[in-house]
Amino acid sequence: MSERITKNMARNIYFGGGLFAILVFTGLTIDTVKQIPKLSHDDKITESVARGKVVWEENNCVGCHTIMGEGAYYAPELGNAFPRLGANDEAAFKTYLVGWMAAQPLDTPDRRKMPQFHLSPEQVNNLADFLIWTSRVNNQEWPPNIKG
Ligand code: HEC
């Protein structure tokens, strides 16, 4: 009968396990926070980048797209839009984005549609600056799939 787990043992497992999990979690959190400066970059958050983020949020782009892996999986990842669609050339990317935004919705059968947002040229420029800034964050190759 002495093989039964006693109340004391159960209590020790409960509190010991709980404490262990809290320590691991705290350690990982501290490590993550310490990594942030290394993963960031020195590009300034200009007025245009900040406004682009507002345009991104107000139009709920993330309701369909992911950005650095966060968001919805209906449409492609856009955290890497600048290198992927603009080949890291700012002027080329801006031209591409203006054209893309103006052409929506595309009338292609069997393809998912993106709505027309009626954004001003300045808003599209802001969006491009925001996506360029975001693409430079070191996201440790996340998401692993190029289109999210
Ligand atoms: C209702 C869903 C939806 C919303 C909201 C949406 N998109 Fe899209 N977007 C799509 C779909 C679907 C595609 C892919 C269309 C295709 O391939 O024909 C796409 C494609 C794109 C592409 C081209 C990506 C590629 O890999 O070819 C860009 C750039 C883009 N969207 C930008 C935006 C921006 C900026 C916003 C917010 C202003 C936005 N989208 C909001 C559905 C959406």
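# A tour from the ligand shell outwards

Begin with the ligand and the residues near it (those with a heavy atom within 4 Å): by class, this shell holds 15 nonpolar, three polar and five charged residues. Here Ala, Val, Leu, Ile, Met, Phe, Trp, Tyr, Cys and Pro count as nonpolar, Asp, Glu, Lys and Arg as charged, and the others, Gly among them, as polar. The model is predicted: local features need pLDDT of at least 70, side-chain atom pairs count only at pLDDT 80 or more, and totals for chains, interfaces and linings use all residues. Residues are numbered from 1 along each chain as its sequence is written, and side-chain values use heavy atoms, with hydrogens and water left out.

**The ligand site.** Select C61, C64, H65, R111 and M114, which come nearest of the 23 residues around the ligand. Next, display polar contacts (pairs of N or O atoms within 3.5 Å). A polar side-chain atom of H65 is 2.8 Å from a ligand nitrogen atom. Two arginines approach ligand oxygen atoms through a side-chain N or O atom: R111 at 2.6 Å and R84 at 2.7 Å. Two elements, α3 (81-86) and α4 (90-103), give two or more residues each to the shell; α4 gives the most, with four. Helices are DSSP runs of H or I with at least four residues, strands are runs of E with at least two, and both are numbered from the N terminus.

**Loops and backbone.** Move to N88, in the loop between α3 and α4; this residue has a positive phi of about 60° although it is not a glycine. Then select P105, in the loop between α4 and α5 (121-135), where the peptide bond from Q104 is cis, with omega near -10°. In the segment after α5 lies P143, and the bond from W142 to P143 is also cis, with omega near -5°.

**The whole chain.** Colour domain 1 (1-39) and domain 2 (43-148) separately; these bounds come from an automatic or database domain assignment. Their C-alpha centres lie 41 Å apart. In domain 1, select residues 12-30, annotated by UniProt as "transmembrane region" in an unreviewed entry. This span is 100% helix and 0% strand, with its end C-alpha atoms 26 Å apart. Finally, select residues 47-135, where the unreviewed UniProt entry places "domain: Cytochrome c". That stretch is 53% helix and 4% strand, and its end C-alpha atoms are 17 Å apart. UniProt annotations may be inferred rather than shown by experiment.

Terms used:
Polar contact = N/O pair within 3.5 Å; in protein donor to acceptor, adjacent residues only side chain to side chain.
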